[in-house]
There are 6 protein chains.
Amino acid sequence: MKISARNQLDGKVVEVKKGATTAHVRVELAGGQVVTAAITNESADELGLAPGKTVKAVIKSSDVMIATD
Amino acid sequence: MKISARNQLDGKVVEVKKGATTAHVRVELAGGQVVTAAITNESADELGLAPGKTVKAVIKSSDVMIATD
Amino acid sequence: MKISARNQLDGKVVEVKKGATTAHVRVELAGGQVVTAAITNESADELGLAPGKTVKAVIKSSDVMIATD
Amino acid sequence: MKISARNQLDGKVVEVKKGATTAHVRVELAGGQVVTAAITNESADELGLAPGKTVKAVIKSSDVMIATD
Amino acid sequence: MKISARNQLDGKVVEVKKGATTAHVRVELAGGQVVTAAITNESADELGLAPGKTVKAVIKSSDVMIATD
Amino acid sequence: MKISARNQLDGKVVEVKKGATTAHVRVELAGGQVVTAAITNESADELGLAPGKTVKAVIKSSDVMIATD
């Protein structure tokens, strides 16, 4: 499947923390920065997310902001 | 200013491409992956965005999806 | 590729309308309702979107609101 | 009330599942496809959402992605 | 129509600026602060938006971030 | 830090309600209208959010919809 979202960042799962309905998944990108995704528990289970798994962090360009010091 | 968005990725602007109202800004992160942000032309001007500028790509965790092969 | 977004609706492209940087893509779902996506012109070109093409409309559950009369 | 979101899909609630603060509402569209919305528990209560209720799934076009096989 | 988005702020249109496909609409809230919405040109036309018109700025709570100095 | 999001509304926290992973933060704007933000519990703690604290509600213009009666 190819998708229109412009950002598809390669990384590895480092943590999956589940709440009542939402799971917080931390993904380490090449270069060591970490991205956090909030997805549903069902999605985390269906994708078989666990530390060490190779994944992509997918983000629409309209959801990315830029900040400067 | 500190902000609640969980993802604040350090990087450097590599390209700013302006349309009628929207600017597409490409930011190279440590490790070489590139993130694209779609922001307003006014924001791009106000932040003085140009290739080489040090910035952060800011993203709410609820806007990040996870994909697996 | 499998993705965490809960909504992956099957449909067929009925129209692609390009602006300066953004393309508006209309997708007819089974049952006849039409969904409109605003994606970048690059994505529309890379995915080869044109009327008649079979696609999925992908939407995070946190981006869906519910309205009642 | 009329709203600027381009997507206003007619459907019927088939399930409401509440977590600590977030409710997952599944809506069956004409044609049988199901859309899931993540809204607050307060909204689910205020709108009186329950299986069988006629509703609209409302989505901004900038929140819809397109995927192809 | 009632909608699940938690934020429905009363205000008055002060400016509508159209681009190729996207219109930037500025709405003055009670108390004088101004909110900017990026919506499609079609929506701006269909809603008859023009300076002086009474409207609501509608925002999902998951799209609001908090910042502190 | 300066950020590209167009909407940065001044206000004061009136309530912080925490769920399993998500906190609902209500902010009273000048003029008395209240904005609700859904952020992570970690963010609420890191920003030291509590009733009476001066904050900004930050929202991308592409996340704001307009409604009319």
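Start by selecting chains E and C. Chain E can be laid on chain C by a turn of 120° and a shift of 0.0 Å along the axis, with an RMSD of 0.0 Å. The fit is a least-squares superposition on the C-alpha atoms of residues with pLDDT of at least 70 in both copies. The two copies are thus related as by a three-fold rotation axis. This is a predicted model, where local features need pLDDT of at least 70, side-chain atom pairs count only at pLDDT 80 or more, and totals for chains, interfaces and linings use all residues. As you click around, remember that residues are numbered from 1 along each chain as its sequence is written, chains are lettered from A and ligands numbered from 1 in the order in which they are written, and side-chain values use heavy atoms, with hydrogens and water left out.

Want to find that axis? Click E:Ala20: of the residues of chain E, this one comes closest to the rotation axis, with its C-alpha at 3.5 Å. Now look at how the pair meets. Only 18% of the interface residues of chain E are also interface residues in chain C, so these copies meet through different surfaces.

**Next stop: chains A and B**

Chain A can be laid on chain B with an RMSD of 0.0 Å by a turn of 180° and a shift of 0.0 Å along the axis. That is the relation of a two-fold axis. Pick A:Gly31 here, because of the residues of chain A its C-alpha comes closest to the rotation axis, at 1.8 Å. Here 100% of the interface residues of chain A are also interface residues in chain B, so the copies meet through the same surface.

**Chain A by itself**

Hide the rest and colour chain A by secondary structure. There are one helix and six strands, running β-β-β-β-α-β-β along the sequence. Helices (H or I, at least four residues) and strands (E, at least two) are DSSP runs, numbered from the N terminus. The C-alpha trace of chain A spans about 35 × 25 × 25 Å along its principal axes. Of its 69 residues, 58% count as buried; buried means under 20% relative accessible area, exposed over 50%, and partly exposed in between (1.4 Å probe, protein chains only).

Now select residues 2–68 of chain A. An unreviewed UniProt entry annotates this stretch as "domain: Mop", though such annotations may be inferred rather than shown by experiment. The span is 9% helix and 58% strand, and its end C-alpha atoms lie 32 Å apart.

**Zoom in on E:Asp63**

Is E:Asp63 buried or exposed? It is buried, with a relative accessible area of 6%. You'll find E:Asp63 in the loop between strand S5 (54–59) and strand S6 (65–68) of chain E. Leaving aside neighbours within four places in sequence, E:Asp63 is in contact with B:Lys60, F:Val58, F:Ile59 and F:Asp63, where contact means heavy atoms within 4.5 Å.

**Last stop: C:Gln33**

Jump to the loop between strand S3 (22–29) and strand S4 (34–40) of chain C, where C:Gln33 lies. C:Gln33 is buried too, with a relative accessible area of 15%. Which residues does C:Gln33 contact, leaving aside its neighbours within four places in sequence? Show C:Val27 and C:Glu28, then add D:Gln8, D:Leu9, D:Asp10, D:Leu29 and D:Ala30. To finish, draw a line from C:Gln33 to C:Val64: they are 31 residues apart in sequence and 16 Å apart in space, C-alpha to C-alpha.
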